[in-house]
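Please load the model, colour it by secondary structure, and keep a selection panel at hand. The tour moves from one selection to the next, and each stop says what is to be found there.

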Amino acid sequence: MHAPLAPYAACDSNSRGRQYPEPPPTYRNEHQRDRDRVIHSAAFRRLEYKTQVFVNHEGDMFRTRLTHSIEVAQIARTIARALQLNEDLAEAIAVAHDLGHTPFGHAGQRALNDCMRPYGGFEHNLQSLRVVDVLEEKYAEFDGLNLTFETREGILKRCPRGKAEILGELGRRFLSGGQPTLEAQLTNLADEIAYNNHDIDDGLRAGLLTREQLLQVPIFRQHCESVVARHPSVSQRRLAYETVRSMIGAQVTDLVETSRERLLAAAPASIERVRENASPLIAFSDAMRSGLKELKEFLMTNLYRHYRVMRMSTKADRVVRELFAAFMGDPRLLPAGTQSTAIGSGEEAARAQVIADYIAGMTDRYAIAEYGRIFTPGVLT
Ligand code: MG
């Protein structure tokens with residue numbers, strides 16, 4: 001049984017609608033339709049072969065951006081339902097939130113941002129929005145997926161002022177303050193819960209982290225010790241899973257309880273009052289926030305800067321930079337469709353954007369294959 005939505009939840013009747021008006025869906029609400037459009041998109045399918053920390057071919061056991069997005073959706077739905085918020089909107093934002101990521105995770109993003117610096121830079125939140133607003137070519141009547149304002153607002157987690165100015169209503173909160181919907185706020189934190197915990201899990205499995213190292217992190221130690229107290233003879237492998245499971249549970253519970261109190265205190269009468277609030281109403285407790293900060297610092301030092309990850313990042317950086325330079329230097333190297341758009345675009349900045357879109361859309365393995373086709377003499381096709 002679902003409880004009725006809270007008065008400050010997003011719903012069809014308070015939606016700011018779609019850019020191109022369409023008749024309402026028959027069996028779904030507007031945000032279910034958004035979720036379905038994202039799931040049917042080409043960019044969503046490509047998430048299967050894109051990674052965050054580990055390169056896709058390192059092993060089949062690691063998270064990809066696809067499984068990450070599904071984990072975010074599942075955590076976000078739990079939180080939304082517990083707070084009587086719109087579960088469908090949270091899910092739509094979650095499945096779309098990583099669509100604009102480059103191949104090779106953060107390393108790819110940094111490299112493409114550097115390449116695009118003379119033309120305004122590259123930022124993955126903005127690129128996710130560009131995918132759903134412009135790049136998907138599926139509908140006869142419009143470019144993109146024509147998603148609702150609320151889903152697009154949720155995708156745009158961050159935005160520099162210069163870009164916000166050209167985004168109209170969607171960019172306004174980055175210029176004059178204000179918040180997105182509660183569903184966007186909670187999905188943003190569900191993303192954080194998902195990646196902090198699965199990076200521990202993947203890091204342990206890859207042998208990049210050890211449990212002994214992780215015991216330096218108070219939040220991990222607390223949950224690990226409580227699992228051992230309950231199950232003294234548990235195997236090492238199950239201990240790691242149980243610890244991560246317990247950490248996720250504690251973070252979700254903390255987020256729901258803290259947010260519930262904040263919502264009770266602020267008592268926003270409508271979604272508009274939520275948007276006007278000076279700070280987000282969805283939040284972790286101070287204690288949880290500082291525990292997570294320690295965990296993130298640990299992961300930064302011990303996982304993201306691990307030499308094996310750094311070697312992968314260096315290769316990724318080279319692949320992205322060299323592909324970009326090759327295509328900018330000679331757009332005739334681009335495949336037919338992209339080539340005519342790039343050459344037809346006229347100005348250098350517009351050509352750079354077409355090339356950035358092409359590279360950002362690549363999966364890890366496609367980027368590696370494309371690099372081989374262009375730079376390795378032995379690779380002929
Ligand atoms: Mg994410």
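Begin by selecting helix α1, where the buried residues are E30, H31, R33, D34, R35, D36, R37 and V38. The helix spans residues 30-39 and is mostly covered, since eight of its 10 residues are buried. To see what does the covering, add α2, α4 and α7 (149-155) to the display, for these are among the elements that lie over the buried residues of α1. Bear in mind throughout that this is a predicted model.

Now zoom out to the protein chain as a whole. Its secondary structure consists of 19 helices and zero strands, and its C-alpha atoms occupy a box of roughly 60 × 50 × 35 Å along the principal axes. The radius of gyration is 22 Å, which agrees with the value near 21 Å that a compact globule of 381 residues would have. Of those 381 residues, 52% count as buried; among contacts with a separation of 6 or more, 72% are between residues 24 or more positions apart.

Next, select the magnesium ion together with H68, H97 and D191. The protein donors are NE2 of H68, NE2 of H97 and OD of D191, at 2.1 to 2.3 Å from the ion, and along the sequence these residues follow the spacing H-x28-H-x93-D. Two of them link distant parts of the chain, with H68 in helix α3 (residues 65-82) and D191 in helix α10 (residues 182-205), 123 residues apart. Both H68 and D191 are buried.

Keep H68 on screen and add D98, which sits in the loop between α4 (87-96) and α5. Is D98 buried or exposed? It is buried, because its relative accessible area is 3%, and the cut-off for that class is under 20%. Beyond its neighbours within four places in sequence, D98 is in contact with L47, Q52, R65, H68, S69 and S128, so a selection of these residues shows its surroundings, with the magnesium donor H68 among them.

Turn then to the largest pocket, whose volume is about 750 Å³. Of the 33 residues that line it, select H106, H124, Y195, M300 and Y304, which lie nearest its centre. The elements giving two or more residues to this lining are α3, α5 (105-116), α6 (124-135), α10, α15 (286-304) and α16 (307-329). Which of the elements gives the most to the lining? That is α10, with six residues. Colouring the lining by residue class will show nine nonpolar, 12 polar and 12 charged residues.

The last stop is the second largest pocket, which holds about 650 Å³ of space. Select R46, L135, T338, D357 and Y358 to find the residues nearest its centre, out of a lining of 27. At least two lining residues come from each of α2 (42-46), α6, α17 (336-344) and α18 (348-360), and α6 gives the most, with five. By class, this lining divides into 12 nonpolar, eight polar and seven charged residues. For a closing view, show α6 alone with both pockets, as this helix supplies two or more residues to the lining of the largest pocket and five residues to that of the second largest.

Key
Residues are numbered from 1 along each chain as its sequence is written. This is a predicted model: local features need pLDDT of at least 70, side-chain atom pairs count only at pLDDT 80 or more; totals for chains, interfaces and linings use all residues. Side-chain values use heavy atoms; hydrogens and water are left out. Donors are N, O and S atoms within 2.8 Å of the metal (3.2 Å for Na, K and Ca); water is not among the atoms, so sites may look incomplete. Helices (H or I, at least four residues) and strands (E, at least two) are DSSP runs, numbered from the N terminus. Buried means under 20% relative accessible area, exposed over 50%, partly exposed in between (1.4 Å probe, protein chains only). On a 1 Å grid over the protein atoms alone, a cavity is a set of points where a 1.4 Å probe fits but cannot get out, and a pocket is an open set with protein on both sides within 12 Å along at least five of seven lines; lining residues have an atom within 4 Å of a point. Grid points are joined across faces, edges and corners, and a volume is the space filled by probe spheres set on the points. Ala, Val, Leu, Ile, Met, Phe, Trp, Tyr, Cys and Pro count as nonpolar, Asp, Glu, Lys and Arg as charged, and the others, Gly among them, as polar. The radius of gyration is taken over C-alpha atoms; the globule rule is 2.2 Å times the number of residues to the power 0.38. Contact means heavy atoms within 4.5 Å.
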